[in-house]
Amino acid sequence: MLKAFSTDENIYYFNSENFTLSTSEIASEMDIVREHDEGILKKVVINISNNCNLSCVYCYADGGNYGMTNQLMDVTTANKIIEELCNDGIQVINRLILFGGEPFLNIDLFVYIIKELSKNIEIKKIETVTNGTVLNQKVKSMIDCYHPFLTVSLDGPELIHDKLRGKGSHRRTMKFIDYLKKIDYENFELASTYTRMHQKLGFQKEDIYNYFINMEVRFNINHVFSKNKVLVVKEMEMTEEVQKTFIDQSLDDIINNKVKNYISPIVYDVLLSMIFKSKTKSFCDDIDPETTVTFDVDGTRKSCFRFWGTHNSDKVAQFNNKDTFAQCKDCWCKDMCMECVANMIDGYSQIISEEGKFLECQKQDMMEYCIYKIIELSKDKNRLSKLVNHFERFLRYA
Ligand SMILES: C[S@@+](CC[C@H](N)C(=O)[O-])C[C@H]1O[C@@H](n2cnc3c(N)ncnc32)[C@H](O)[C@@H]1O
Ligand code: SF4
Ligand code: SF4
């Protein structure tokens, strides 16, 4: 599909199938072919701990155990998973994510899985997400030895963090972050879950953004997904104006190479498509057993970690198919659009309800705005080339 973008000087045509922009109406024939390499998995996620030492008020994992009993994965289950992956002929795992609950409560198995898996399989990148409250000698040596990418959850200043994650948790997580800084560890980012409680306590999203900028760390800020009105972010935070300012700011940040800054998901999706020709056929391309596998704490396979424990669903394929929804089927920017299917099924999505009804979507307007901005800045070749060349450094899950 060709979408026209009219500016004062020209009409540009955006080919929404191969993400090219041209002043000619003749569609470029270039097609994007997705290749799948045998023996390579893009992502393996393993739930090594259904235990957690915190009980954050918003936790989608029901306090860490996904609605099941608190338990750590044992060696027998880990061995079964390793054997399965080897028997499947897997030679390379691009991203191995050891997850939970709190994964560092099972640090012995964390190390065991890496050691045993890497005997037969090349692991390109090890990752984990932690609440940063478990900092013992074993955790320190694991970091030193395996250099994993760490996402450390920090919701903001002490007042709000402790309100959401429990008294004293901010102090403990900051100790962890200070340790990473002390050892000059660069391979980490902070992740904040932004809620209505932030707003109630007077923390606008910009305040949290500045809080992280001042800490001089990589970070991202995600809106909470929840049905609880006390937690869900008030609409005004997402007005068109605010989103557009964020798009402008993000484009500037990329051009100025401010790699630690968190950029707008709209800019991210548009540039990923236009620069890297990444085409998303379904809402979540990670839900694909050929490229992504997740293992629950008992070793069972699930299409995504969000379907662990009692959260499993038989509606995944239906919701993941953009053609299920008439508005999405005919949408000009559908091949750039990524949405979380678990959020739809659990009733957290603002776009598609848990009953499978299309609600509303502002993304088309925002993507259009973003492409107009790119056309505008393309008049300055120097800025355009910086945008294209720097973007690679902003990729989060390369
Ligand atoms: C389930 S936790 C597991 C890892 C670890 N226990 C932690 O808290 O970092 C993974 C991430 O999901 C985030 N999270 C939990 N519940 C959420 C929700 N309802 N909405 C958005 N993010 C959420 C947490 O803040 C954390 O960054
Ligand atoms: S620390 Fe993580 S797993 Fe534990 S309750 Fe909080 S969000 Fe959930
Ligand atoms: S309508 Fe919205 S949710 Fe549907 S494909 Fe288009 S941008 Fe994505």
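Helices (H or I, at least four residues) and strands (E, at least two) are DSSP runs, numbered from the N terminus. This is a predicted model, in which local features need pLDDT of at least 70, side-chain atom pairs count only at pLDDT 80 or more, and totals for chains, interfaces and linings use all residues. Residues are numbered from 1 along each chain as its sequence is written, while chains are lettered from A and ligands numbered from 1 in the order in which they are written.

**Figure 1. The whole chain, with 14 helices and 11 strands.** The radius of gyration (taken over C-alpha atoms) is 22 Å, close to the 21 Å that the globule rule (2.2 Å times the number of residues to the power 0.38) gives for 398 residues, so the chain is as compact as a globular protein of that length. Along the principal axes, the C-alpha atoms fill a box of roughly 65 × 50 × 45 Å. Of the 398 residues, 34% count as buried; a residue is buried if 20 or more other C-beta atoms lie within 10 Å of its own, exposed if 12 or fewer, and partly exposed in between, with C-beta atoms placed from the backbone.

**Figure 2. The largest nonpolar core, of 42 residues.** A nonpolar core is a set of buried Ala, Val, Leu, Ile, Met, Phe, Trp, Tyr and Cys residues joined through C-beta atoms within 7 Å. V44, I46, L96, L98, F110, I113 and V341 touch the most other members. Among the elements that each supply at least two residues of this core are β4 (40–49), α1 (75–87), β5 (92–100) and α2 (107–120). A second, separate core of 41 residues includes F176, L251, I371 and F394.

**Figure 3. Helix α1 and its two sides.** The 13 residues of α1 should span 18 Å at 1.5 Å a residue (1.5 Å times one less than the number of residues), and the end C-alpha atoms are 18 Å apart, which agrees. T77, A78 and I81 are buried. Seen down the axis, the buried residues fall within an arc of 100° (of the directions from the helix axis to the C-beta atoms), so they line one face of the helix. On the other side, V75, T76, E83 and N87 are exposed.

**Figure 4. The open sheet of 8 strands.** The order is β9-β8-β7-β6-β5-β4-β10-β11, with mixed pairing; two strands pair if DSSP finds at least two bridges between them. The edge strands, β9 (219–223) and β11 (301–302), each pair on one side only. Strand β8 (residues 188–194) runs parallel to β9, joined by 5 bridges.
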